[in-house]
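Student: Could you take me through one part of this structure up close, and then show me how the rest of its chain is laid out around it? I'd like one connected walk-through rather than a list.

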Amino acid sequence: MPNFRMKKEWWLSIRLIHWSMVSSVFILLASGFYIAYPISFGAGATADKFCVGNIRTLHTFFGVFLTFLMLWRAYLGIFTKFHATWIDLLSWTNIHKLINQVKFYLLISNKKPKHVYQYAPLQALAYSGLILLQFMIIMTGLIMVGANYHAGLSAFAGNLLKPLEIAMGGLAGVRLIHHIVSWGFIIFIMAHVYMAIWTDIVYKEGTISSMISGRVFRKAD
Amino acid sequence: MNRDFEKRDRDLEERITQDYQRMVKECDLHLEKMDHDLPPLIEPLAEQLESAGISRRSFIKWSAVTTAALMLPPIFKTRLARAAEQFGRVPIVWLHFAECTGCSEAFLRTSYPNVDNLILETLSLEYHETLMAAAGYQAEENLERALHDFAGKFICVIEGALPTGMDGKYLTLGAKGRTGMELAREVTSKAAAVICIGSCSSFGNVQAAKPNPTDAKGISDALGIKTVNIPGCPPNPINFVGTILHYLMFGALPPLDSLGRPIWAYGKRIHDCCERRPHYDAGEFVEEWGDSGAKMGWCLYKVGCKGPYTYANCAKVRFNDGISWPIMAGHGCIGCVEPDFWDTMAPLEKPIAEKTFGGGEKTVDNIGKALAGVTAAGIAVHGVVSFVKRQGQDDIPKTQDEG
């Protein structure tokens, strides 16, 4: 049995952002699909019901929450020096290592390349993709919520993003892109959860618990 | 705290009052100037209204409604009425390109003509292909004379898209067989302003829908000029009349959005002012045509209403003298004022969630489900192979030490 030593991997703010994002993304996906295929809850007079209105409010609330989470994460990734900054997203630029990593994941090679960066090459690519997805869904979401109001922060965002709205072919195009990107999140979540479990089982470093405790277990050489 | 708010409100009120006083002054000055500048009226509006059986009371009501629609305070009511009298003095050259003439028909042939329609009939049309008696070379002469006599003064109103493919040869007009592009370029270069009536001239409409074999475009796209767009299929006459009235009152076109549409008419979405909106928020939807929800006037979102994506004032001003409008009549909005609505709003009688890519059942959700299924299958295979391959191997993979 090799010796393991504990190493701090994820700062508290990163862990908070991670789990806040998880919960808001699940709420957003559920409420988003409800908005796409709305149904009525309960019976009674029109005046006594407001289910679509309430769920849209919930969706908007968590959408704005996600926006602020992304801003917070971007701040941490750019202006601080701890692990997992923007530099780690460049991990895939070493093509040799990228190929070896793919081989390792495809179970062709049994040796994993040594990581210089915080993220593995494919992980960096996947996270870059997630950032892009998040950026797109936030922009399209802000355009749609901005169209609801004539004043306030959302109207300001809506007016600011008006050229983008027109470039996407009006609100209908914006809505379509928002919908397509939401599926990107679903597929990312599937792959991400599986890879986390796989890595936890294969490396035995406590990958999954690290996002709660903040610590991984590295083999002491 | 409260006092601060009161003071702020007072300041705001004062500023607004000052703004409006300035606007009133500008308006009066401009109306005087128009009185002086424009060619004389052939028949006074009052006589025309009388002969059409429209009472003074109806006219006053109309001017109040139109003033409100233009987002102006009541003090402008009399000024708007004065501008309406001058309406017939603005020389207009009305061009038709690739279109169905439905906009002209809708403006001129309503079964209940209201003041809007009547005022449109007072227009001093120097050239209008559908209405003019002249034909052939005589018609061309009329156009040339109008361009010469009113150069830089007339308003060019355009109905219809411009096919730009094959050097514009998909559309040739008149005895001289000039292409739409040539004609449009010549006339718009001499006009004081270009107003595009309808979605064809504004954004291309059905001519520009995929696959667009003639490469049709809206006027501003095709010629690279700035136009005032009054889209709609057909547009509401009040949006055109109001824009011209604004021009007469202030000597300038009203503020436009980034697609060239007047903000007073196209600033809010159908969805925001819809009378069926409470049913949307309550989750009460028409599920299919003629069901109990349809009878109760519930929201048409699930039978394809595109009101949430469409900026227009139909819900507020309605059509045919305020009698009705599409959603009131029981069909969802198809978004006809938006660019490329045949493509972006399709399918027109289903929500956008049911838009298909390449036909069949390929909606975003079905494609998403298929991709998620492929991902799940990949995960399953990888998991099983990992389990089989890693059995009896070293517990932890070794790290390659390489540069």
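**A close look at helix α3 of chain B**

Tutor: Let's start with the length check on helix α3 of chain B, residues 56-69: at 1.5 Å a residue, its 14 residues should span 20 Å, and since the end C-alpha atoms sit 20 Å apart, the expectation is met. Bear in mind that this is a predicted model.

Which residues of α3(B) are buried? They are B:Trp62, B:Ser63, B:Thr66 and B:Thr67. Those four take up an arc of only 130° around the axis, so they lie on the same side of α3(B). The spacing makes sense in general terms: an α-helix has 3.6 residues a turn, so residues three or four places apart point the same way. And what does that buried set pack against? Its partners are α4 (77-86), α6 (115-121) and α11 (237-250), which belong to chain B. Just past the end of α3(B), B:Met71 adopts a positive phi of about 60°.

Now step back to the whole chain. Chain B carries 19 helices and ten strands, and 40% of its 403 residues are buried. If you take the contacts in chain B between residues at least 6 apart in sequence, 70% of them link residues at least 24 apart. As for overall dimensions, the C-alpha trace spans about 100 × 70 × 60 Å along its principal axes. The radius of gyration of chain B is 28 Å, whereas a compact globule of 403 residues would come in near 22 Å.

The domain split is worth a look here. Chain B divides into domain 1 (27-265) and domain 2 (270-354), and the centres of the two, taken over C-alpha atoms, are 28 Å apart. Where they touch, domain 1 of chain B puts in 17 residues and domain 2 of chain B puts in 13. The domain 1 side of that contact is made up of eleven nonpolar, five polar and one charged residues.

Chain B also touches chain A, with 43 residues taken from chain B and 43 from chain A. On the chain B side, α14 (277-281), α19 and β10 (399-400) each supply at least two residues. The largest share there, eleven residues, comes from α19(B). Sorted by class, the chain B side has 19 nonpolar, eleven polar and 13 charged residues.

That brings in a helix across the way, α7 of chain A. Run the length check again: the 34 residues of α7(A), 170-203, should span 50 Å at 1.5 Å a residue, and the end C-alpha atoms are 48 Å apart, which agrees. Its buried residues include A:Gly170, A:Leu171, A:His178 and A:Ser182. The buried residues of α7(A) pack against α1 (12-36), α4 (121-146) and α6 (162-167) of chain A, and also against α18 (341-344) and α19 (364-390) of chain B.

One more residue on that helix: A:Val193 belongs to α7 of chain A. It counts as partly exposed because it has 13 C-beta neighbours inside 10 Å, where 20 or more would make a residue buried and 12 or fewer exposed. A:Val193 and A:Ile208 are 15 residues apart in sequence, with 9.2 Å between their C-alpha atoms. Following α7(A) comes A:Lys204, which has a positive phi near 55°.

Technical notes. Residues are numbered from 1 along each chain as its sequence is written. Chains are lettered from A and ligands numbered from 1 in the order in which they are written. This is a predicted model: local features need pLDDT of at least 70, side-chain atom pairs count only at pLDDT 80 or more; totals for chains, interfaces and linings use all residues. The expected span of a helix is 1.5 Å times one less than its number of residues. The arc is that of the directions from the helix axis to the C-beta atoms. Two residues are in contact if their C-beta atoms, placed from the backbone, lie within 7 Å. The radius of gyration is taken over C-alpha atoms; the globule rule is 2.2 Å times the number of residues to the power 0.38. Domain bounds come from an automatic or database domain assignment. Ala, Val, Leu, Ile, Met, Phe, Trp, Tyr, Cys and Pro count as nonpolar, Asp, Glu, Lys and Arg as charged, and the others, Gly among them, as polar.
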